[in-house]
2 protein chains.
Amino acid sequence: MSEKHLQTGDELPAFGGKLRLFAMRFCPYAERSILVLNAKKIPYDHVFINLDQKPEWIFTFSPKGTVPALEYEQGKGIFDSNIINYYLDEKYPEVPLQPTDPLRKAQDKMLVEQLTGAQSAYYTAAFSSPSLTPSMVETYHKGLEVLQKELEVRKTKFLHGDEPGLVDYTIWPFLERFQALPLLGKQEFAIDKSKYDVLTKYIEEMKNVPAVKSYCLAPETHAKYIESRAKGNPDYNMLDTSAVCCMRPRKKKE
Amino acid sequence: MSEKHLQTGDELPAFGGKLRLFAMRFCPYAERSILVLNAKKIPYDHVFINLDQKPEWIFTFSPKGTVPALEYEQGKGIFDSNIINYYLDEKYPEVPLQPTDPLRKAQDKMLVEQLTGAQSAYYTAAFSSPSLTPSMVETYHKGLEVLQKELEVRKTKFLHGDEPGLVDYTIWPFLERFQALPLLGKQEFAIDKSKYDVLTKYIEEMKNVPAVKSYCLAPETHAKYIESRAKGNPDYNMLDTSAVCCMRPRKKKE
């Protein structure tokens, strides 16, 4: 599947009959749905889009043009990563990713909710650095502490259990990106290995989960994208090697 | 149950063994959970709290001190209206309020999501009136139009079906409050009966649903509360008649 991000004026590729996810390669919300599709081994196509010059057809699937959006049937879409992921987990029950206990479900959702402050701090640090305040850094670490404490209390390899679940795939895309901040001079966002020992172990385990491994990017790559976007010119296609790749000769574009 | 809002320094009333909901009488999010508890006929107590001078113990149940929060077991809480409501619906399955079809579930969630813009516009109009922009009014009406269109497409008495469900109880508290805005001079927020004919009929039906009827307040009452809050001095206890009521003589406070 292409890494090229389609933009205003580009045609919507023909529907291939499989589920199709509209995403942006560096979007953490889109990654949540990619990971769930991967983990559940659901066959799907993806289409990356340029979020600054959105192709007109994205609004058919997502009223605000946000990603991810899932084309679950030709021309019909579901938007919002959480809505998509619960839909996928219920519609395709083969690899269940949610706990069955209603209380544990609520606890998973509350954990995700308690990390939203850390996510906002990340966005500010990455893209609006001059507005960053000490209280945001504090909120970031409070989020990490809540996460580490939950891992300690649950005593399982992943938050979901011995295998990762929806809660892990929902939280991971941000943990992946948090690690880029120290490379951009934001040392105050470093995840200190001795303070966050349990969390650090969890991060290493998550990197090796097949659904994650096949999509995860190195902190250096995220840092490079963040820099481009912070400068006002996001390099959406920095991973697109289709034009220069000599390993797999490509057919002429149809 | 008392309408008095407890505040900093007030003691937490003794736990009565039932589920207990921490709420604020005029909060639309708290109302969502009250309606679900009512609709499912789950026995519960409630405790109203003053959101400007929060009692210390609210943080035991809700890390940010927000309402609603559900004490599901003595000393243990679930926060966030949506998390609480899904928990209640799954833990107490007797009166199921969600559709069983995963796609319909996703559609219900998307509808709720599409009304968040209208809700923000309401909050701005009610409490930060000078910041109101024409585009916010437009977003408000876009939300109402989406809602009316969905009612037309579904062709059922309520969004959920012949009986109201989670989607109706989630949306209702805002519809209830939207009607207060014209009374405060915000004519641009009026829900015109001829333009919004289907929606108007729905609003009338919802008012008669027992779970709603027992908690719903008149637009005039909401307007009075909004005015007090907009002036910076929210009159949380305006419905508390315990001090002046001569119908039910009250025992001396213990």
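Start by selecting residues 17-96 of chain A, the stretch that an unreviewed UniProt entry lists as "domain: GST N-terminal". You are looking at a predicted model. Colour that selection by secondary structure: over residues 17-96 of chain A, helix accounts for 34% and strand for 25%. Put a distance label between the C-alpha atoms at its two ends, and the value is 24 Å.

**Stop 1: two domains in chain A**

Now give two colours to chain A, one for domain 1 (5-95) and one for domain 2 (102-216). Between the C-alpha centres of domain 1 and domain 2 of chain A there are 24 Å. To display where they touch, expect 17 residues from domain 1 of chain A and 16 residues from domain 2 of chain A. Putting the two domains of chain A together buries about 1600 Å², with carbon and sulfur atoms giving 60% of that area.

Which three residues of domain 1 should you show as sticks here? Pick A:E31, A:R32 and A:L35, which supply 36% of the area that domain 1 of chain A buries against domain 2 of chain A, more than any other three residues.

Keep A:E31 on screen and add A:R177. These two form a salt bridge, with the closest N and O atoms 2.8 Å apart. The count between domain 1 and domain 2 of chain A is one salt bridge, and there are also five residue pairs in polar contact between these domains of chain A. Next, highlight α1 (28-39) and α3 (81-91) of chain A: each supplies at least two residues of the side of domain 1 that touches domain 2. α1(A) gives the most to that side of domain 1, with nine residues.

**Stop 2: bring in chain B**

Zoom out and show both chains. Superpose chain A on chain B, and the RMSD is 0.0 Å after a turn of 180° and a shift of 0.0 Å along the axis. The two copies are thus related as by a two-fold rotation axis. In addition, 100% of the interface residues of chain A are also interface residues in chain B, so the copies meet through the same surface.

Select the residues in contact across the chains: 20 come from chain A and 20 from chain B. Chain A and chain B bury about 1900 Å² between them, and carbon and sulfur atoms give 70% of this area. On the chain A side, put sticks on A:I83, A:P102 and A:M110, which supply 26% of the area that chain A buries against chain B, more than any other three residues.

**Stop 3: charged pairs across the chains**

How many salt bridges lie between chain A and chain B? The count is two. For one of them, centre on A:K105 and B:E90, whose closest N and O atoms are 3.1 Å apart. This pair crosses from helix α4 of chain A to helix α3 (residues 81-91) of chain B. Then go to B:K105 and A:E90, another salt bridge, where the closest N and O atoms are 3.1 Å apart. Chain A and chain B also have two residue pairs in polar contact.

To finish this view, colour β5 (76-79), α3 and α4 (102-114) of chain A, the elements that give two or more residues to the side of chain A that touches chain B. α4(A) gives the most to that side, with nine residues.

**Last stop: the whole assembly**

With everything displayed, turn on salt bridges throughout: the structure holds 22 over all chains.

Methods. Residues numbered from 1 in each chain as written. Chains lettered and ligands numbered in written order. Predicted model: local features only at pLDDT ≥ 70, side-chain atom pairs only at ≥ 80, totals over all residues. Heavy atoms only, no water. Least-squares fit on C-alpha atoms with pLDDT ≥ 70 in both. Contact = heavy atoms within 4.5 Å. UniProt positions renumbered as here; feature names shortened; annotations may be inferred. Helix = DSSP H or I, 4+ residues; strand = E, 2+ residues; numbered from the N terminus. Domains from an automatic or database assignment. Buried area = accessible area lost by both parts, 1.4 Å probe. Salt bridge = Lys/Arg side-chain N within 4 Å of Asp/Glu carboxyl O. Polar contact = N/O pair within 3.5 Å; in protein donor to acceptor, adjacent residues only side chain to side chain.
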